[in-house]
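User: Please take a close look at one part of this model and set it in the context of the whole. Give the cut-offs for each term as you go.

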Amino acid sequence: PTVLTGKYSSGGEAIDSNSTIGNQSGVTIEYLTIEKFKPYGDAAAVNQEANTGWTIRYDTITLNVPGAGIMAGAGNTLKNNCLTLNGQYGFQSSDVNGFSRDSLTGGPYGVTIEGNEISYNDTCDFSGLIDNKAIGWHNHNPVPARYRNPECGKVTGDGNQGGFKLWRTNGVTIKDNYIHNNWGPGGWADTDNANTTWTGNTITDNEGAAIIEEISYNFSITGNYMARNDLIDGLNNPGFPQPAIYVSESGSDTTFGGVAACQEAVCTGQDSYPRQSVISGNTLVDNGGSL
């Protein structure tokens, strides 16, 4: 594939739109290696403006620091990519410019994440240093020295890191991905996410939980294989048996009718969970907390 490299000298954005002329939808990015750009923390090298309807497939997106590889806006599809060794996340889905606000959640909608390998992200250690007296750790950097990127600069660990993160999304499908060896969680739905589907993924060897659903609406987690996750963060918190699937303050009260399906046209084909969340048919092996 063609290599698009920033050489750590040409700014934070590899492929993006010009925000001053508004949303530029329907872009396809394929068969590229996109590397060595310098997005800020919580920003990304590709589609930083969260333009809608982008398809990003068959790409290797790597070594972009200290931020993420991709920002996934509404109607975006990330398929068969390798997202690896980025500073904070492989990708995150968040509305940063008002192009893609769902009527319920206020963020991106109708996003498909399928068949990707998402690995070794958070090389800049946004998860922060670890103390654990039981195993002799004090101010321990969980990122092994061989994976640390000297271009990270100084970052302040803020708890936002891992394979990927969803913010205020509706109708996201995460299917048949291989998510492994990220520092932080494998995947994290954080704050006001609705109708998130996790299915058929292999999620292994992540510093934190395999899947986190936090402060969000109903979701489905079915048919995933999760092994050896949360061993590092679990050791960092011996008083709390951290699990592979961590659900915190999530789910929808049916007293008020539950949560509706995503109403946007691009959500056609995305599953919805109006009455309850579902966790079923997963295989869990040797994860932190023995769960």
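Analyst: The radius of gyration here is taken over C-alpha atoms, and the globule rule is 2.2 Å times the number of residues to the power 0.38. For 291 residues that rule puts a compact globule near 19 Å, and the protein chain has 18 Å, so the two agree. This is a predicted model, in which local features need pLDDT of at least 70 and side-chain atom pairs count only at pLDDT 80 or more, while totals for chains, interfaces and linings use all residues. Residues are numbered from 1 along each chain as its sequence is written, and side-chain values use heavy atoms, with hydrogens and water left out.

The overall frame comes before the close look. The C-alpha trace of the protein chain spans about 55 × 55 × 30 Å along its principal axes. The protein chain holds one helix and 26 strands; these are DSSP runs numbered from the N terminus, helices being H or I with at least four residues and strands being E with at least two. Of the 291 residues, 52% count as buried, where buried means under 20% relative accessible area, exposed over 50%, and partly exposed in between (1.4 Å probe, protein chains only). The exposed surface comes to about 11,900 Å², with carbon and sulfur atoms supplying 48% of it; areas follow the Shrake-Rupley method with a 1.4 Å probe, and for residues only the protein chains shown count as cover. Among contacts (heavy atoms within 4.5 Å) with a separation of 6 or more, 70% join residues 24 or more positions apart.

The part chosen for the close look is strand β19. This strand covers residues 194–199, and five of its six residues are buried, so β19 is largely enclosed by the rest of the structure. Two strands count as paired if DSSP finds at least two bridges between them. One partner of β19 is strand β16 (residues 170–175), joined to β19 in the parallel sense over five bridges. Within that pairing, T196 of β19 stands opposite V172. Another partner is strand β22 (residues 219–222), which runs parallel to β19 and is joined to it by four bridges. Here W198 faces I221 of β22. In general, the strands of a sheet pair through backbone hydrogen bonds, in either a parallel or an antiparallel arrangement.

Parallel pairing also appears in an open sheet of seven strands, ordered β4-β7-β10-β15-β18-β21-β24. Its edge strands, β4 (44–46) and β24 (245–248), each pair on one side only. Neighbouring strands of the sheet are turned by 20° against each other on average, direction ignored; axes are lines fitted to C-alpha atoms, for helices over the stretch in contact, and angles run from 0 to 180 degrees between N-to-C directions. At the β4 edge, two bridges link β4 to strand β7 (residues 68–71) in the parallel sense, with V46 and I70 as bridge partners.

Charged pairs add further links. Side chains of opposite charge can pair when their charged atoms come close. The structure holds five salt bridges, each a side-chain nitrogen of Lys or Arg within 4 Å of a carboxyl oxygen of Asp or Glu. One of them joins K165 and D190, at 2.9 Å from N to O. K165 lies in strand β15 (residues 164–166) and D190 in strand β18 (residues 187–190), so this pair ties together parts 25 residues apart in sequence. Both K165 and D190 are buried. Another bridge joins E30 and R57, whose closest N and O atoms are 2.7 Å apart. E30 belongs to strand β2 (residues 28–30) and R57 to strand β5 (residues 55–57), 27 residues apart. E30 is partly exposed at 31% relative accessibility, and R57 is also partly exposed at 31%. A further pair, D95 and R101, meets at 2.8 Å; D95 is buried at 15%, whereas R101 is exposed at 56%.

Two loop residues complete the context. G12 sits in the loop between β1 (2–5) and β2. Beyond its neighbours within four places in sequence, G12 is in contact with F37, K38, P39, A44 and A45. The C-alpha atoms of G12 and G67 are separated by 8.6 Å, with their positions 55 residues apart along the chain. P243 is in the loop between α1 (231–236) and β24, and is buried at 11% relative accessible area.
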